[in-house]
Amino acid sequence: MDVLVSLGTSASFFYSFILIITEMIDTEKPHQPKFFETSATLITFILTGKYIECIAKQKTSEALTKLMKMQATTATVIKFSERHPECIVEQKEIDINLVLIGDSVIVRGGEKVPLDGTIIFGSGYLDESMITGESMPASKVIGDIAIGGTILQNGLIYIRVEKIGEETALAQIIKLVEDAQNSKAPIQQLADRISSIFVPCVIILSLFTFAVWYTLGLEQMIPPQLQP
């Protein structure tokens, strides 16, 4: 479609420009209508649409940045004693990408839940507004699901990790937003399919029309009433 727009605006501009030059050379020649405003109007409409599209993409990019900032970067992994499963024998803070499914992590009040999992110990209130939109924190106890990126308002919980990487709910949300940003709307896809046929047809038809009129002009077969 950009090809058709550029051809149309260029043709209207240069046609009008040539008319002005010829009228300046031959002052007795009658003035013909100019089409500068057509070219300017089309370009204005196209640039306005591009500008609106850029604003929408910028807002989407800002939303993606905010979502990515919600992800925790580290997790405190804990290991329990084999003889006394309720006792912690090791506690280590590691990068979020090193956490494996089945690992247990500890989350204290004010910290972010690193990954999706099930609460195996403790209780507290999780701020899940980023997922559900609910402003009030949700009460969580043993057996409940904790979603990565949510914030533990108070309390202390141990979580058995069940989803990591791109499998987490937050990662899925980010992926959906990215896909929506990069994909085209159905009406835009339809317009692209139509333009892929329409544009070549218009160009071929215009070249054929030019060839016919040029040939008629050479053979002096154009009626006087159609001559400029």
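Salt bridges and helix packing in a predicted model

Biologist: In this predicted model, what makes the contact between Glu90 and Lys92 a salt bridge?

Modeller: The side chains of Glu90 and Lys92 come to 4.0 Å, N to O, and a salt bridge is called where a side-chain nitrogen of Lys or Arg is within 4 Å of a carboxyl oxygen of Asp or Glu, so the pair qualifies. By this rule the count comes to 6 salt bridges.

Biologist: Why is Glu90 called partly exposed?

Modeller: Its relative accessible area is 32%, and partly exposed covers what falls between under 20%, which is buried, and over 50%, which is exposed; Lys92, at 45%, therefore counts as partly exposed too.

Biologist: How do you know whether Glu128 is buried or exposed?

Modeller: Glu128 has a relative accessible area of 10%, and buried means under 20%, so Glu128 is buried; its salt-bridge partner Lys140, with 3.2 Å from N to O, is buried as well, at 13%.

Biologist: What makes Met24 exposed?

Modeller: Met24, which is found in helix 1 (residues 2-25), has a relative accessible area of 59%, and exposed means over 50%. Met24 also belongs to a nonpolar surface patch of about 800 Å², whose members include Phe13, Phe17 and Ile21.

Biologist: Why is helix 1 called roughly antiparallel to helix 2?

Modeller: The axes of helix 1 and helix 2 (residues 36-69) come within 8 Å and cross at roughly 150 degrees; angles over 145 count as roughly antiparallel, so the description applies. Helix 1 passes helix 2 in a left-handed crossing.

Notes:
Residues are numbered from 1 along each chain as its sequence is written. This is a predicted model: local features need pLDDT of at least 70, side-chain atom pairs count only at pLDDT 80 or more; totals for chains, interfaces and linings use all residues. Side-chain values use heavy atoms; hydrogens and water are left out. Patches are made of residues with over 30% relative accessible area and no salt bridge: like charges are joined within 9 Å, nonpolar side chains (Val, Leu, Ile, Met, Phe, Trp, Tyr) within 5 Å. Accessible areas come from the Shrake-Rupley method with a 1.4 Å probe; for residues, only the protein chains shown count as cover. Helices (H or I, at least four residues) and strands (E, at least two) are DSSP runs, numbered from the N terminus. Buried means under 20% relative accessible area, exposed over 50%, partly exposed in between (1.4 Å probe, protein chains only). Axes are lines fitted to C-alpha atoms, for helices over the stretch in contact, and angles run from 0 to 180 degrees between N-to-C directions. A crossing is left-handed if the near helix is turned anticlockwise from the far one by less than a right angle, and right-handed if clockwise.
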